[in-house]
Amino acid sequence: MTHDVALDGIALDERTALIPIDVQQAFDHAPWPPRNNPSMEANALALLAAWRASGRPLIHVKHDSVVPGSTLAADHPGNALRPGFEPQGDEPLVRKSVNAAFIGTDLDLRLRRLGVTSVVLFGISTDMCVSTTARVAANLGYRTLVVGDACACFDLPDGAGGIIPGDEIQRAHLATLRAEFAQVVDSGAVIAALG
């Protein structure tokens, strides 16, 4: 028997898994451009602590780039997860080499073996690996939630000589996810829903 918790439209039960995505050290250094949401780490760490206390499933995801010279390559110091975001105890870690955490990994199999029907995602970056993973999760039939204030985007070139600020990219991508693929929530509401 599962116990549903709902607050502000957020329903979480024991079949809901938290999936932190690519919270890695490389993103703090060149060649990565400036990033939005300086509160991302604090929001995400609070969410992680509350999630662990709830006893619900937690599966970490890390990007092991196969691109030569990448700061996310497995043998580069930037590949390491940021302090506080490492798995604890027997929490599993899934390693991926593409944007979607479900492609070329056993993430879907792990979730199905746990009986998971809903996933809660956060991490770096909103428009790349978080968004791609959310889209695939929704297409695979998982109820998908994205914790917007525990995600971050980078400033990106617009192809015409200008720069699109990370805040604008994040706003647009969260809107797209909300329209079709996921419930977009904030960390405080998820923590409150966990009780």
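1. Let me start with Gln170, which is buried at a relative accessible area of 8% (buried means under 20% relative accessible area, exposed over 50%, partly exposed in between, with a 1.4 Å probe and protein chains only). Gln170 sits in helix α4, residues 166-180; helices (H or I, at least four residues) and strands (E, at least two) are DSSP runs, numbered from the N terminus. Not counting residues up to four places away in sequence, Gln170 touches Asn36, Asn37, Thr126, Gly148, Cys151, Ala152 and Cys153, where contact means heavy atoms within 4.5 Å.

2. A word on what you are looking at: this is a predicted model, in which local features need pLDDT of at least 70 and side-chain atom pairs count only at pLDDT 80 or more, while totals for chains, interfaces and linings use all residues. Residues are numbered from 1 along each chain as its sequence is written, and side-chain values use heavy atoms, with hydrogens and water left out.

3. Now the overall picture. The protein has 5 helices and 10 strands. Its radius of gyration is 16 Å, which agrees with the value near 16 Å for a compact globule of 195 residues; the radius is taken over C-alpha atoms, and the globule rule is 2.2 Å times the number of residues to the power 0.38. Along the principal axes, the C-alpha atoms fill a box of roughly 55 × 35 × 30 Å. Buried residues make up 49% of the 195. Among contacts between residues at least 6 apart in sequence, 77% join residues at least 24 apart.

4. For the surface and charges, the protein exposes about 8,900 Å², and carbon and sulfur atoms supply 56% of that area (Shrake-Rupley method with a 1.4 Å probe; for residues, only the protein chains shown count as cover). There are 15 positive and 22 negative side chains, and the centres of the two sets lie 5 Å apart. Here Lys and Arg count as positive and Asp and Glu as negative, with His and the chain ends not counted; the place of a charge is taken as NZ of Lys, CZ of Arg, CG of Asp or CD of Glu.

5. Strand β7 (residues 143-152) is worth a look, since 8 of its 10 residues are buried, so it is largely enclosed by the rest of the structure. It pairs with strand β6 (residues 118-124) in the parallel sense over 6 bridges; two strands pair if DSSP finds at least two bridges between them.

6. Within β6, Leu121 is buried at 0% relative accessibility and stands opposite Val146 in β7. Beyond four places in sequence, Leu121 touches Ile19, Ile21, Val130, Thr133, Ala134, Thr144, Leu145, Val146 and Val147. Leu121 and Ala137 are 16 residues apart in sequence, with their C-alpha atoms 9.9 Å apart.

7. Strand β4 (residues 60-63) is covered on both faces: His60 and Lys62 are buried on one side, Val61 and His63 on the other. Strand β4 runs parallel to strand β5 (residues 93-96), and 4 bridges join them. One bridge partner pair is His63 with Lys96 in β5.

8. A few backbone details may interest you. The peptide bond from Ile124 to Ser125 is cis, with omega near -10°, and Ser125 belongs to the loop between β6 and α3 (126-139). Asp22 is not a glycine, yet it has a positive phi of about 55°; Asn37, also not a glycine, has a positive phi of about 50°. Asp22 lies in the loop between β3 (16-21) and α1 (40-54), and Asn37 is in the loop between β3 and α1 as well. Asp22 is buried at 1% relative accessible area, and Asn37 is buried at 15%.

9. Cys153 brings us back to Gln170. Cys153 lies in the loop between β7 and β8 (156-157) and is buried at 0% relative accessibility. Leaving aside neighbours within four places in sequence, Cys153 is in contact with Pro34, Arg35, Asn36, Ser125, Thr126, Asp127, Gly166, Ile169 and Gln170. Ser125 in that list is the residue that follows the cis peptide bond from Ile124. Cys153 and Pro165 are 12 residues apart in sequence and 8.5 Å apart, C-alpha to C-alpha.

10. Which residue is 140 places from Ser54 in sequence and 6.7 Å away in space, C-alpha to C-alpha? That residue is Leu194. Ser54 itself is in helix α1 and is partly exposed, with a relative accessible area of 24%.
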